[in-house]
Amino acid sequence: MNDQNKNLILATVLSFAVIVGWTTLFPPEDLPIDPVAETTIVAEDATLPAADPATPALTAPREDAQPETEAARIAIETDEFSGSISLQGGRIDDLALTQYRETIEKDADVVRLLRPVGEFGAYFATFGWTATDGLDASSVPGPDTIWSLESGNTLTATSPVTIAWDNGAGQIFRTEISVDDAFMFSFAQSVENTGAAPISARPYGLLRRHGQPDDLKNFFILHEGLVRMTDGELEETGYGDITDYAVDPRERTQAERLDVSQSGWIGYTDHYWMTTLIPNQDAPFRSTSKYFDGLDLFQVEAVMPIETVAPGETATITTQLFAGAKEWEAIRNYEQEEGVGGFLDSIDWGWFFFLTKPIFALLHYLNVYIGNMGWSILMLTVILKIIVLPLAYKSYVSMARMKELQPEMEKLKERAGDDKQAMQQGLMKLYKDNKVNPAAGCLPILLQIPIFFSLYKVIFVTIELRHAPWIGWIKDLSAPDPSSFINLFGLLPYASPEPGSILSLMFIGILPILLGVSMWLQQKLNPAPTDPTQQMIFAWMPWVFMFMLGSFASGLVLYWIANNVITFTQQYLIMRSHGSKPDVFGNIKASLKKRRAAAAAETDNKKDK
């Protein structure tokens, strides 16, 4: 077996050991969602943040609570949002992302991010106050408080709204709500003290999710669940791990509570969407993640320091809420221009973040210039191949020189016979005398493994490839190739198998077939190994991978095809420039002759029997 074939086997095995092997041997556990818990109405005031560490944090949520009263709503209308704010609790609990649809169909429903209590999968944000000195719990607004609209009619990117609540004891609470032209809301919470004595209270913001998302992926390469930054330290906790929290006696429920000294945020992230509470980045706050086991409620809180307000004074605290798509450019702008520390890390870049971040940035800028994500992937492939060309050049030169030594190696094998030690010593001497490093061909192949995995991560995780078309039948580069040879790629009036079905794994599309052909042609740059077992492995390898990759995102398959074509061209030209002449067609003919000979021999054996 020559070293070129060894390198190819090494690259193939290592590449797919990470991506395919793990999911095959250790499939992710399905986390059930309890629909009963989803539709349970909870007493919202029972899950208020604790006023301070010495105050009992929670009473157990009541399962017999009545549905919330119907309150007036304030419409939300921006280029990115449609929805409304309930005056009960001032909740943002009705929010749709108008630029995103559930499927690629034109009449598909828009993505709905937040839902009010009473609907399946209720999910909302609310902001209020907890009482400390000079106030009791009934004197501060909570999640069930009915606010009044003080100014504004519709929340838009250019027109904020203000809601107010007078506690009748000398304090007036106001919240001015504004939104930018992307995905960031701002809540300026204020309390005006018109009484005769000073008062103290703590402002808070919270996100509450009823049950786990119904579209949870549960895939090891993707994080879904809690995401928070605490003084520069990122934490990612899956929903399953949240349910395993120990009970925190300060919160009287399962919780993990952290004190942030200066910079941080906390929220929930899905595959493509995220909601995050972002307090003032220059002030401390308490960051808490909770789980209420009896009702399957997930809750995160950002509780700000106590505000003491003298008579005649007003205190104001502003907290931001990110609610929307995890668009790289928008999130980067919030980090770089608005000072949200580490916000770009809310996108799950994975272990190879030092590769996935620059790879996606380059892909993004290529897409801005070209205007088509498919062509941008092809251009990205060319650029990556240019970057590793110096190493690839050394590799292919080494492979050419190894090929020149092939006759000498065959003679050495004949002389050594079954003496493996003599064979090994002879090979080492041969390599040393000819100044050939047999491992030199492995380095560029090894470098491609993290590059491939990083691109796979980028294509799977980032929203920019979701529903991104390329050409013709490829309408979504984040989904498998929808064509199938079961209907002659659309020529026959039959639908293709549903993605994820067993038939879809068998009746693959055009791109996986092109991938298999490109891998097969790449093999033919070198003669087939003489060992029959190795011949069989190499004969089947391209077609096995063709079916294995049939269910992968078409953007990733497109990258691999382009990578194979460029690698074939580079290797062919470099080897020819150093005197080695790869006989591609000759190797194809030889492999076909061997198959015919093997088939004929098998037929003769059957006749003899």
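I take partly exposed to cover relative accessible areas between the buried class, under 20%, and the exposed class, over 50%. The model I am consulting is a predicted one.

Entry 1, Ile-471. I looked up Ile-471 and found a relative accessibility of 31%, so I record this residue as partly exposed. I place Ile-471 in the loop between α10 (442-461) and α11 (502-506).

Entry 2, the nonpolar patch. I then asked which residues join Ile-471 in a nonpolar patch on the surface. I list Tyr-369, Ile-370, Trp-375, Met-379, Val-382, Ile-386 and Trp-473 beside Ile-471, with about 780 Å² of accessible area together. I note α5 (353-370) and α6 (373-387) as the elements that give two or more residues to this patch. The largest share, 4 residues, comes from α6.

Entry 3, the negative patch. I turned to charge on the surface and found a patch of negative charge where Glu-102, Glu-105, Asp-107, Asp-109, Asp-214 and Asp-215 gather. Of these I looked up Glu-102, which lies in the loop between β3 (91-101) and β4 (110-114). I record Glu-102 as partly exposed because its relative accessibility is 43%, a value between the 20% and 50% limits.

Entry 4, Ser-518. I located Ser-518 in helix α12 (residues 510-523). Is Ser-518 buried or exposed? I enter Ser-518 as buried, since its relative accessible area is 10%, and the buried class holds values under 20%. I also looked up where its side chain reaches: the side chain of Ser-518 comes to 2.7 Å from the backbone oxygen of Leu-515.

Notes
Residues are numbered from 1 along each chain as its sequence is written. This is a predicted model: local features need pLDDT of at least 70, side-chain atom pairs count only at pLDDT 80 or more; totals for chains, interfaces and linings use all residues. Side-chain values use heavy atoms; hydrogens and water are left out. Patches are made of residues with over 30% relative accessible area and no salt bridge: like charges are joined within 9 Å, nonpolar side chains (Val, Leu, Ile, Met, Phe, Trp, Tyr) within 5 Å. Accessible areas come from the Shrake-Rupley method with a 1.4 Å probe; for residues, only the protein chains shown count as cover. A salt bridge is a side-chain nitrogen of Lys or Arg within 4 Å of a carboxyl oxygen of Asp or Glu. Lys and Arg count as positive and Asp and Glu as negative; His and the chain ends are not counted. The place of a charge is taken as NZ of Lys, CZ of Arg, CG of Asp or CD of Glu. Buried means under 20% relative accessible area, exposed over 50%, partly exposed in between (1.4 Å probe, protein chains only). A polar contact is a pair of N or O atoms within 3.5 Å; within protein, one must be able to donate a hydrogen and the other to accept it, and residues adjacent in sequence count only if both atoms are side-chain atoms.
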